[in-house]
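Got the viewer open? Let's take a walk through this one, stop by stop.

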Amino acid sequence: MNNLPETILNNIAKRFDMVIGIPSYNNRDTIGFVSETASKGIHEYFPDSSCLLVNADGGSGDLTTEAFLTSKTDFERVAFTYEGIPGKGSAIHAILELSELVNAKVTVFLDSDLRSIKPWWIQRFVEPILSGADYVTPFYVRDKYDGTITNHICYPMTTVLYGLKIRQPIGGDFAIGPGLRKRLLQKRWYRNAYRFGVDIWMTTTAINETPEIVQAALGVKIHDVKDPGKQLSAMFSEVMATLFRLMEDYHKNWKEDSGIEECKIYGTMPDVHPEPITVDIDNLEHKFVEGLHKVLEEMDHYLPEDIVNYITEHKEDIDIDDELWVDLIYTFALTAHKTKEYERVAKLMLPFYFGRIAHFVKNTRGISNEEAERMIDEQLKTFLDKREDLIDRW
Ligand SMILES: Nc1nc2c(ncn2[C@@H]2O[C@H](COP(=O)(O)OP(=O)(O)O)[C@@H](O)[C@H]2O)c(=O)[nH]1
Ligand SMILES: [Mg+2]
């Protein structure tokens with residue numbers, strides 16, 4: 001055990017069919033809705049199942065756990081502040097530990113800032129696990145500017161490396177069966193997996209170590225929106241450092257040929273439209289240029305000369321299109337591999353992420369989410385085209 005407090009261990013003696021696990025950090029206004037909607041879902045779709053609702057909190061100062069504990073549900077529930085490194089991954093680990101203790105057949109993780117969750121989401125998450133899958137990822141419709149780390153890195157990288165097309169590898173909401181749970185609890189977790197690296201950590205482990213993954217069609221994801229230029233810096237480096245580290249572990253599993261398998265989708269997608277998100281593009285561009293100046297010197301001894309020269313020459317008007325973006329990601333991945341300084345390299349990448357999102361926003365203003373999705377697919381092709389080169393240089 002490393003994240004579940006001992007006091008909880010002593011108080012839980014029962015077995016439960018299901019665990020609904022909700023990580024939180026200052027989510028007082030939304031966590032009650034998540035817990036109540038999940039409870040309705042269990043009553044409606046799994047009326048004979050026993051269920052434990054769990055809130056693993058990061059030490060919120062806004063009475064989040066109280067909001068959880070007073071939400072309207074008649075299921076047994078428990079809330080605690082997890083132990084260990086502060087971060088979402090520690091909360092997830094603690095919930096996995098508890099699920100193991102109560103021998104749950106399925107654990108569903110739900111983000112506590114969700115506003116679009118419906119009772120039927122529970123059915124979409126749980127049913128595939130009861131039918132034999134070990135991992136369910138969410139399949140949502142999102143605004144073209146929500147999920148920028150997903151769209152520009154995690155989705156294409158996971159697809160081209162491991163050959164399975166999972167559209168939301170770091171979606172936040174997941175279901176896990178006992179096989180993958182045990183495997184995850186046996187592993188030594190990297191530091192960033194205890195933080196926001198946890199989603200890519202679980203998904204990559206699942207792809208490489210379990211036979212069946214299913215995507216659950218959920219409709220729209222509405223949650224607390226983050227502007228990529230303002231609130232995603234820490235998340236970016238935590239996710240990237242974990243992704244780079246996992247590329248080492250599963251290097252042997254990178255697909256030999258470029259065959260890409262579609263990942264099964266469970267359920268039909270309702271016809272829904274996400275709320276539009278505004279991104280402060282001036283701020284993104286400013287962060288890009290300012291960040292580049294800061295990392296330029298350090299880049300000198302991390303990146304190949306041709307890339308550094310190109311960036312130095314063009315630093316005032318650099319435009320990160322698909323080609324350059326994929327070259328940059330692969331180069332940073334190789335640098336992380338060679339130096340083993342995963343976190344450092346992930347942090348060096350941050351200005352380029354701002355630059356990439358600035359490019360994308362400029363080129364997608366006024367177009368529909370469907371058209372933007374086609375551009376994400378075009379980008380995926382570039383990742384694929386250059387994959388052999390990454391493999392050769394590794
Ligand atoms: N326990 C805990 N939960 C966290 C922490 N940081 C984020 N979370 C929770 O993890 C979930 C996802 O976080 P969020 O900030 O919404 O990330 P995003 O939706 O992926 O951009 C939410 O339920 C948060 O409350 C943390 O440090 N500790
Ligand atoms: Mg969120």
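Before we set off, one term: a nonpolar core is a set of buried Ala, Val, Leu, Ile, Met, Phe, Trp, Tyr and Cys residues joined through C-beta atoms within 7 Å. Keep it in mind for later, and remember that you're looking at a predicted model.

**Stop 1: the whole chain.** Show the protein chain as a cartoon and you'll find 16 helices and 10 strands. Turn it around: along its principal axes, the C-alpha trace spans about 65 × 40 × 40 Å. How does the radius of gyration of the protein chain fit with a compact globule? For 394 residues such a globule would come out near 21 Å, and the chain has 21 Å, so the two agree. Buried residues make up 47% of the 394. If you look at contacts between residues at least 6 apart in sequence, 87% of them join residues at least 24 apart.

**Stop 2: ligand 1.** Select ligand 1 and the 18 residues around it. Which of them come nearest? Those are Tyr25, Gly58, Ala91, Asp111 and Ser112. Now colour strand E1 (18–24), strand E2 (51–57) and helix H4 (88–101): these are the elements that each give two or more residues to the shell. Colouring the shell by residue type instead gives you 5 nonpolar, 7 polar and 6 charged residues.

**Stop 3: the core.** Time to use that definition. The largest nonpolar core holds 110 residues, and Ile20, Ile95 and Phe244 are the ones with the most contacts inside it. Which helix gives the most to this core? Pick helix H14 (residues 342–364), which supplies 13 residues. Next, colour domain 1 (6–266) and domain 2 (281–393) separately; both give residues to the core, so it lies between them.

Zoom in on Ile95. Setting aside neighbours within four places in sequence, Ile95 is in contact with Val19, Gly21, Val54, Ala56, Thr107 and Phe109.

**Stop 4: valine 361.** Head back to helix H14, where valine 361 sits. Is valine 361 buried or exposed? Buried takes 20 or more other C-beta atoms within 10 Å. Valine 361 has 20 such neighbours, so it counts as buried. Add Tyr145, Val279, Ile281 and Leu284 to your selection: valine 361 is in contact with these, leaving aside its neighbours within four places in sequence.

For a last look, draw a C-alpha to C-alpha distance from valine 361 to aspartate 280: they're 81 residues apart in sequence and 9.5 Å apart in space.

Key:
Residues are numbered from 1 along each chain as its sequence is written. Chains are lettered from A and ligands numbered from 1 in the order in which they are written. This is a predicted model: local features need pLDDT of at least 70, side-chain atom pairs count only at pLDDT 80 or more; totals for chains, interfaces and linings use all residues. Helices (H or I, at least four residues) and strands (E, at least two) are DSSP runs, numbered from the N terminus. The radius of gyration is taken over C-alpha atoms; the globule rule is 2.2 Å times the number of residues to the power 0.38. A residue is buried if 20 or more other C-beta atoms lie within 10 Å of its own, exposed if 12 or fewer, and partly exposed in between; C-beta atoms are placed from the backbone. Two residues are in contact if their C-beta atoms, placed from the backbone, lie within 7 Å. A residue is near a molecule or strand if its C-beta atom, placed from the backbone, lies within 6 Å of it. Ala, Val, Leu, Ile, Met, Phe, Trp, Tyr, Cys and Pro count as nonpolar, Asp, Glu, Lys and Arg as charged, and the others, Gly among them, as polar. Domain bounds come from an automatic or database domain assignment.
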